[in-house]
Amino acid sequence: MTPNIVQTTPIPGQKPGTSGLRKKTRIFMQPHYLENYVQAIFDGIGGVQGKTLVVGGDGRYFNDRAIQVILRMAAANGAAECIVGQGGILSTPAASHLIRKRGADGGLILSASHNPGGPDEDFGLKYNGPNGGPATEGVTEKIFARTTDIDSYRILEAHDVDLGAIGVTNLGDMRVEIVDPVTDYAALMESLFDFDAIRRLFASGFRMRFDAMHAVTGPYATEILETRLGAAPGTVVNGIPSPDFGGGHPDPNPIWAKDLMDHMYADGGPDFGAASDGDGDRNMVVGAKCYVSPSDSLAVLADLAHLAPGYARGLAGIARSMPTSAAADRVAAAKGIECFATPTGWKFFGNLLDAGRATICGEESAGTGSDHVREKDGLWAVLLWLNILAVTGKSVQALMDDHWARYGRNYYSRHDYEAVDAAAANTLMADLRAQFDSLPGQSFGPLVVEMADEFAYDDPVDGSRSTGQGIRVGFTSGGRVMYRLSGTGTEGATLRVYLEQLETDPAALAQDAQAALAPVIAAADRIAGIRARTGRDAPDVIT
Ligand code: G16
């Protein structure tokens, strides 16, 4: 089999966002589109000659076809080996683990994360490096630069590889190993958590509902929760991955996981609920009538992680993205450990994790994880919660009440305005920048602006600087608002408005978050003129 060299020309708009390239599936399916981008990845990372790559995805529509193309191109580009999840399935954290465990040179993960899947929905492709983490900004720039001057790609003419059959085959001179997607990951989880304690918890009648949202975590959750930990059959719902996620939106938040919320807020509902997203890196946790925000979840997990064997020695440090609430900072301060605030995007945690300066990381966008892999990890967060519940014997609500009583409560919410006109969104941001000098000292209802700026990050490990990472307005009350344009949407612009207010009065810790944040919400709108500029009366999504 001789590799074909196919002449091509650059396709505009192949600029990766927060997490690889995400586009409508039909765009990815256009002639040369996927091929151009895969070749740009290979060229951008210095070629794949003699390299080993991990390949897998979340099972969404086009996942299987795209993997066949990637394998033929990897073979044609001289890769030594591809390790592929059976059926083309690998959750993002499982892929990260496999890259690390097998000492691979990197991996290609096919997913548009929490975005819906199907021929008229979204598809995505991201490259993870040899540390198992998302491509750094430098590598991403090289990949993008290559998309702008690509003139050919290499592909083998060959039959499809049988992705269903575990074992080793060859594609041209390249070795292809099809592996069970769950086994290695489940073993890693078993090494970190007290499975005996969790088993006893389930045996005592503790009831859980895990909503896999028809996405990739179904097989992982069923094996770990039901088979290994003895949770009742039926604990995992929507557990079979489907190419269009059952027609749903695999985004674990109270809006898209409403069915789970309804079960958890019903009288006599389960003790603990959780959900994960399309590719298994995000999580939502909810107790009986007690939703836990991602920012609070990070703080609680960081505070109590030492109750799990994998973290019994304590944490080196905690990292959060800047838009995430400062609840975790208060835990870090109490423990006397380092705390980092990074730009949005898991890639910014990589250096801190590799350098051993952060052990646990998290983001407001439903991502939590640790140094066990280099991605956020939905099931990991769920298992750490279970470990903590099992060891303390407390309910989720009791743990939250304890936490707020000790540290105060960072009331927090994110308001999203989706598919906004991109020009209007950019003007809104530009006009905010123009107010940095004039805002301090101005009053908005009961709030007085203390500072306004655009977040820039100096990586403490490699010294690189990342600018333009979201606009911050801080109030003298300790509250703040952040404005940021999403890097993962596929239609127009998505404006994210992050709202936070610290409350330490013991009598005011049990308010509804939207009510507690009302002054910050009103100020956020007045400062940026959101309603007038977007023409929207209210956010599309409130989390
Ligand atoms: C991706 C990144 C996350 C990041 C999120 C932000 O999540 O992996 O680290 O927090 O994007 O999204 P946006 O730019 O839309 O605010 P995922 O789960 O989509 O891969």
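In this predicted model, the protein chain falls into three parts: domain 1 covers residues 3–181, domain 2 covers 184–407, and domain 3 covers 409–542. A good place to begin is the meeting of domain 1 and domain 2, whose C-alpha centres are 28 Å apart.

Contact between these two domains involves 35 residues on the side of domain 1 and 32 residues on the side of domain 2. Together they bury about 2600 Å², and carbon and sulfur atoms account for 58% of that area. Three residues of domain 1 deserve a look in the structure above: Pro93, His97 and His114 provide 23% of the area that domain 1 buries against domain 2. No other three residues supply as much of that area.

What kinds of polar pairing cross the interface? Two salt bridges are found between domain 1 and domain 2, along with twelve residue pairs in polar contact. Turning to the elements involved, helix H4 (92–101) and strand S6 (122–128) are the ones that each give two or more residues to the side of domain 1 that touches domain 2. Helix H4 makes the largest contribution to this side, with eight residues. Sorted by class, the side of domain 1 that touches domain 2 holds 19 polar residues, ten nonpolar residues and six charged residues. A salt bridge worth finding by eye joins the side chains of lysine 101 and aspartate 184, with a distance of 3.2 Å from N to O.

The next stop is the ligand, which has 18 residues around it. Which of them come nearest? They are Arg282, Glu363, Ser486, Thr488 and Arg496. For arginine 282, an N or O atom of the side chain lies 2.7 Å from an oxygen atom of the ligand. Lysine 376 also approaches through its side chain, placing a polar atom 2.7 Å from a ligand oxygen. With glycine 487 the backbone takes part instead: one of its backbone N or O atoms is 2.7 Å from an oxygen atom of the ligand.

Notes:
Residues numbered from 1 in each chain as written. Predicted model: local features only at pLDDT ≥ 70, side-chain atom pairs only at ≥ 80, totals over all residues. Heavy atoms only, no water. Domains from an automatic or database assignment. Contact = heavy atoms within 4.5 Å. Buried area = accessible area lost by both parts, 1.4 Å probe. Salt bridge = Lys/Arg side-chain N within 4 Å of Asp/Glu carboxyl O. Polar contact = N/O pair within 3.5 Å; in protein donor to acceptor, adjacent residues only side chain to side chain. Helix = DSSP H or I, 4+ residues; strand = E, 2+ residues; numbered from the N terminus. Nonpolar A, V, L, I, M, F, W, Y, C, P; charged D, E, K, R; others polar. Near = heavy atom within 4 Å.
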